[in-house]
Amino acid sequence: MYVCNCNAIRERDAHAAIESGACTVKAVFDHCQTRAQCAKCVCDIRQMIDDASITMAMAAE
């Protein structure tokens, strides 16, 4: 599924960026070598980052 239609960023691309250390939306775009255009995806990408942070925190406990 696409997270960002403007840049054709798929969920797996965003997850790969986050797993590589992207902790901001801009870092996800940088990892995918794109930039935000219409910004409709920003909230979804931010949620993915937050979810990954929570998962990592729980795993560390």
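## Exercises on a predicted model

In helix H1 (11-19), the residues Ala14, Ala17 and Ile18 are buried, where buried means under 20% relative accessible area, exposed over 50% and partly exposed in between, with a 1.4 Å probe and protein chains only. Helices (H or I, at least four residues) and strands (E, at least two) are DSSP runs numbered from the N terminus. The model is a predicted one, in which local features need pLDDT of at least 70 and side-chain atom pairs count only at pLDDT 80 or more, while totals for chains, interfaces and linings use all residues. Residues are numbered from 1 along each chain as its sequence is written, and side-chain values use heavy atoms, with hydrogens and water left out.

**Exercise 1. Determine how the buried residues of H1 are placed around its axis, and what they pack against.**

Step one is the arc, taken from the directions from the helix axis to the C-beta atoms: Ala14, Ala17 and Ile18 cover only 100° around the axis, which puts them on the same side of H1. Step two is the face turned away from that buried side, which carries the exposed residues Arg12 and Glu19. Step three is packing: the buried residues of H1 pack against E2, H2 and H3, contact being heavy atoms within 4.5 Å. Just after H1, glycine 21 takes a positive phi of about 115°.

**Exercise 2. Repeat the analysis for H3, beginning with its span.**

H3 has 19 residues and reaches 27 Å from its first C-alpha to its last, close to the 27 Å expected at 1.5 Å a residue, the expected span being 1.5 Å times one less than the number of residues. Its buried residues are Val42, Ile45, Met48 and Ile49; seen down the axis of H3, the buried residues fall within an arc of 125°, so they line one face of the helix. On the other side, Cys43 and Met58 are exposed, whereas the buried residues pack against E1, H1 and H2. As to confidence, H3 (residues 42-60) has the lowest mean pLDDT in the chain, at 92, and H2 (residues 25-31) the highest, at 98, pLDDT being the predictor's confidence in each residue from 0 to 100.

**Exercise 3. Account for the cysteines 38 and 43 in terms of disulfides.**

The structure holds zero disulfides, a disulfide being a pair of cysteine sulfur atoms within 2.5 Å. For cysteine 38, the nearest cysteine sulfur, that of cysteine 6, is 3.5 Å away, and cysteine 38 itself is partly exposed, with a relative accessible area of 43%. For cysteine 43, the closest cysteine sulfur is in cysteine 41, 9.1 Å away and too far for a bond, while cysteine 43 counts as exposed at 56% relative accessibility.

**Exercise 4. Locate the salt bridge and describe its two partners.**

The structure holds one salt bridge, defined as a side-chain nitrogen of Lys or Arg within 4 Å of a carboxyl oxygen of Asp or Glu. Lysine 26 forms it with aspartate 30, the closest N and O atoms being 2.9 Å apart, and both residues lie in H2, four residues apart, about one turn of the helix. Lysine 26 is exposed at 55% relative accessible area, whereas aspartate 30 is partly exposed at 43%.

**Exercise 5. Describe the setting of asparagine 7.**

Asparagine 7 is found in the loop between strand E1 (2-4) and strand E2 (9-10) and counts as buried, at 16% relative accessibility. Not counting residues up to four places away in sequence, asparagine 7 touches Phe29, Thr34, Arg35 and Gln37.
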